[in-house]
Amino acid sequence: MLGVFSSSIVSPPEELVAAGSRTPSPKVTADKLVARFVEANSSAVSVHIGDDVQLAYTHYNQSAMQPRSFAVKDEIFCLFEGVLDNLGSLKQQYGLAKSANEVLLMIEAYKALRDRAPYPPNHVVGHLEGNFAFIVFDKSTSTLFVATDQLAKVPLYWGITADGYLAFANDAELLKGACGKSLASFPQGCFFSTAVGELRSYENPKNKITAVPAQEEEIWGAKFMVEGSSLLATTE
């Protein structure tokens, strides 16, 4: 799955900008990145949301344990990869039909977060059990909400394109060829929300997350870690 967002939607993290500045490397534009995804993946579908957002996904070559799904409801767009172990209880909690899947559940969870303020986003993500990564975009409020599971069993990466779009994808090689060193693993057990304005750990939402410059030989430009934790909040 792939999502790209212009600077009018989200300001790229300074850590990724700095990483690209330390070691300049080739990049491509957001349009070319989406085109590469579509060309490389059989039966890929891409969606333009105005001039500032593009989403793309494919079911090609997906794992039975990590299915990908896409849905849109009430101008809320969601890409979801993975499986929730507690989907049944969450459907009851949010009043959803038995036939509802993970991506529909995530849209309803986001709506609860948006409409029942103050409802901390870490509560929404913290209640999810399983292996997952998701990208939610609310067109009505231009809000972006992204997260991965506690152990990053479903990998997610983020980077900055040549024209300054922030890109998220489950394919590191795809972003490596488009974002150069302005690239990193999205940290495990964390969420990024434009409503909150920063990256946070949903287990320790008050703990600051800092970026450590990566070694020159690594494909990443930076690694993120939660302060107060002995473990990097990222995958290698």
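## A buried aromatic pair

F145 is buried, with a relative accessible area of 0%. Keep in mind as you look around that this is a predicted model. F191 is buried too, at a relative accessible area of 1%.

The structure holds 13 aromatic pairs. In the pair made by F145 and F191, the ring centres are 6.0 Å apart and the planes sit at 75°, so this pair counts as edge-to-face. The two rings link distant parts of the chain: F145 belongs to strand β7, F191 belongs to strand β11 (residues 190-193), and 46 residues separate them.

## Aromatic cluster and nonpolar cores

Beyond that pair, one aromatic cluster is formed by F5, F137, W158, F168, F186 and F192.

Some of these names come up again in the nonpolar interior. The largest nonpolar core has 31 residues, and those with the most contacts inside it are F5, L144, W158, F168, F186 and L199. Another core, of 26 residues, lies apart from it and includes I76, L87, I107 and V125.

## Helix α4, wrapped by its neighbours

Helix α4 spans residues 102-115. From its first C-alpha to its last, this 14-residue helix reaches 20 Å, close to the 20 Å expected at 1.5 Å a residue.

How many of the 14 residues of α4 are buried? Eleven are, so the helix is largely enclosed by the rest of the structure. If you would like to find them on screen, the buried residues are E102, V103, L105, M106, I107, E108, A109, Y110, K111, A112 and L113. Charged side chains are on that list as well as nonpolar ones, with E102, E108 and K111 among the buried residues.

What covers the buried residues of α4? The covering elements include the strands β4 (68-73), β5 (76-84), β6 (130-138) and β7 (143-148). Helices α3 (87-93) and α5 (121-126) also contribute to the cover.

## Cysteines without disulfides

If you are wondering about disulfides, the structure holds zero. Why does C179 not form one? Its closest cysteine sulfur, in C190, is 19 Å from the sulfur of C179, which is too far for a bond. For a disulfide, the two sulfur atoms would have to be within 2.5 Å.

C190 is in a similar position: the closest cysteine sulfur to its own is in C78, 18 Å away, again too far for a bond. Are C179 and C190 buried or exposed? C179 is buried, with a relative accessible area of 0%, and C190 also counts as buried, at 0% relative accessibility.

Notes: Residues numbered from 1 in each chain as written. Predicted model: local features only at pLDDT ≥ 70, side-chain atom pairs only at ≥ 80, totals over all residues. Heavy atoms only, no water. Helix = DSSP H or I, 4+ residues; strand = E, 2+ residues; numbered from the N terminus. Expected span 1.5 Å × (residues − 1). Buried < 20%, exposed > 50% of the residue type's maximum accessible area, 1.4 Å probe, protein only. Contact = heavy atoms within 4.5 Å. Core = buried A, V, L, I, M, F, W, Y, C linked by side-chain atoms within 4.5 Å. Phe/Tyr/Trp six-rings, centres within 6.5 Å; stacked < 30°, edge-to-face > 60°.
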